[in-house]
Amino acid sequence: MINLYRHSATIEAPNLPVSYGDVQDAARYLMVQAKHTPVMISRTVNKMTQSEVFFKCENFQRTGSFKFRGAYNALVQLSYEQKHRGVLTYSSGNHAQALALAGQLLGIRPVIVMPEDAPDVKKMATQGYGAEVIFYNPQKTTREEFAQEIAEARGLTIIPPYDDKAVIAGQGTVAKELIEQVGQLDILLVCCGGGGLLSGCAIAAHTLSPSCRVIGVEPAKADDATRSFYSKTLQTVRNPETIADGARTPSLGKLTFPLVQHYVDEMITVSESAIARAMFFLWERMKLVVEPTGAIATAALLEGMISSPEERIGVIISGGNVDLAKIQSYRQLIDEPDPFLGDFI
């Protein structure tokens, strides 16, 4: 259950790296290229929660996740020389696909560093967009170190998956678009990996719906952002064993950490079984193809962690690139139906 206070860090006004003006600029760059994704509602969910819930479906975005917004916004603003030399990123899949497509659209050559154990569906899609993919063993090296070596050797510009001003601003257009579609919100639930989506959306919500409480949600097995948020000291985690591969980031970034501290009201965590339950609920009851990471924010809602009757709640579904080969292993995580869901599952 959420606390009934606003996080004290939002009272101050430090010199932060990204502003709502940056989000507005990103929206203009994305106006033609990004999809205006739909908002779904469920009478079942509204009845369960006694609230009005709006699901922002970024699983319908180009490349199947919100990541296209940040990737395209970052590439379109590069200098001519940077575009000519090419770019590099490191990603478990969704940012990789997004950068690959954005590069294709803008005529920029992308190189993608991916872990060997990334979902096959994401590997194939990234290569299908024409990117050069270089795999690495996450047990032997960090993706940042490996990527830095390649970038320096080839003269490539690194576009990080979340800790980049243009990427953060691009991701913030998700909440901007949601609020413009449905109006003022009381609560906004956003999944958190490296904090790009969370911080960008929090900036937009803070401006467009000032009374909205922004709550970040991450896997309990990858709770570095939650620990960082409450300790006010950057915490890390190494290769967490969570089914939400998009949340396996080692920590919040140098840019996203202060933004999360300033704009986000609360951080909570959800279990692996809760993520799996939420994912199957979205598949079976709402007919939405959602990957584990994309179901994290929904999990917090369906597990009864947000008790706010008669309020307007926004939930970001961040992506739909599910690895169908792992369905059985996901199903095995669901030990028993959660008491809050009762007969709804």
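This report walks through one sheet, the helices around it, a helix crossing and three loop residues in a predicted model.

**The sheet**

Four strands form an open sheet. Their order is S5-S4-S3-S6, and the pairing is parallel. Strand S5 (132-136) and strand S6 (157-158) are the edges, each pairing on one side only. Strands of a sheet pair through backbone hydrogen bonds, either parallel or antiparallel.

Look at the S6 edge. Strand S3 (residues 87-90) runs parallel to S6 and is joined to S6 by two bridges. Val87 has Thr157 of S6 as its bridge partner.

**Helices on the sheet**

Helix H6 (residues 120-128) lies across strand S4 (110-115) and S5. H6 runs at about 170° to S4. That angle is over 145 degrees, so H6 and S4 count as roughly antiparallel.

Helix H7 (residues 143-154) also packs on the sheet. H7 touches S3, S4, S5 and S6. The direction of H7 makes about 135° with that of S5.

H7 has twelve residues. From its first C-alpha to its last, H7 reaches 16 Å, close to the 16 Å expected at 1.5 Å a residue.

Which residues of H7 are buried? They are Arg143, Ala147, Ile150 and Ala151. These four cover an arc of only 100° around the axis, so they sit on the same side of H7. The buried residues pack against S3, S4, S5 and S6. The face turned away from that buried side carries the exposed residues Glu149, Glu152 and Ala153.

Just after H7 comes Gly155, with a positive phi of about 70°.

**A helix crossing**

How do H1 and H8 lie, parallel or perpendicular? The axes of helix H1 (residues 20-30) and helix H8 (residues 165-182) come within 8 Å and cross at roughly 85°. An angle of 65 to 115 degrees counts as roughly perpendicular. H1 and H8 are therefore roughly perpendicular to each other.

Several residues make this meeting. From H1 come Tyr20, Asp22, Val23, Gln24, Ala26, Ala27 and Leu30. From H8 come Ala169, Gly170, Gly172, Thr173 and Lys176.

**A buried loop residue**

Ser251 lies in the loop between helix H10 (224-231) and helix H11 (256-263). Is Ser251 buried or exposed? The relative accessible area of Ser251 is 12%. Buried means under 20%, so Ser251 is buried.

What does Ser251 touch? Leaving aside residues up to four places away in sequence, its contacts are Tyr162, Gly194, Asp224, Leu234, Gln235 and Thr236. Asp224 belongs to the list of contacts, and residue 224 is where H10 begins.

**Two exposed loop residues with positive phi**

Lys287 is not a glycine, yet its phi is positive. Glu310, also a residue other than glycine, has a positive phi too. The table sets out both residues.

| Residue | Phi | Loop | Relative accessibility |
|---|---|---|---|
| Lys287 | about 60° | between helix H12 (272-286) and helix H13 (296-302) | 63% |
| Glu310 | near 60° | between H13 and strand S10 (312-317) | 74% |

Exposed means over 50% relative accessible area. Lys287, at 63%, therefore counts as exposed. Glu310, at 74%, counts as exposed as well.

Technical notes: Residues numbered from 1 in each chain as written. Predicted model: local features only at pLDDT ≥ 70, side-chain atom pairs only at ≥ 80, totals over all residues. Heavy atoms only, no water. Pairing = 2+ DSSP bridges. Contact = heavy atoms within 4.5 Å. Axes fitted to C-alpha atoms, helices over the stretch in contact; angles between N-to-C directions. Expected span 1.5 Å × (residues − 1). Buried < 20%, exposed > 50% of the residue type's maximum accessible area, 1.4 Å probe, protein only. Arc of directions from axis to C-beta. Parallel < 35°, antiparallel > 145°, perpendicular 65-115°, else oblique.
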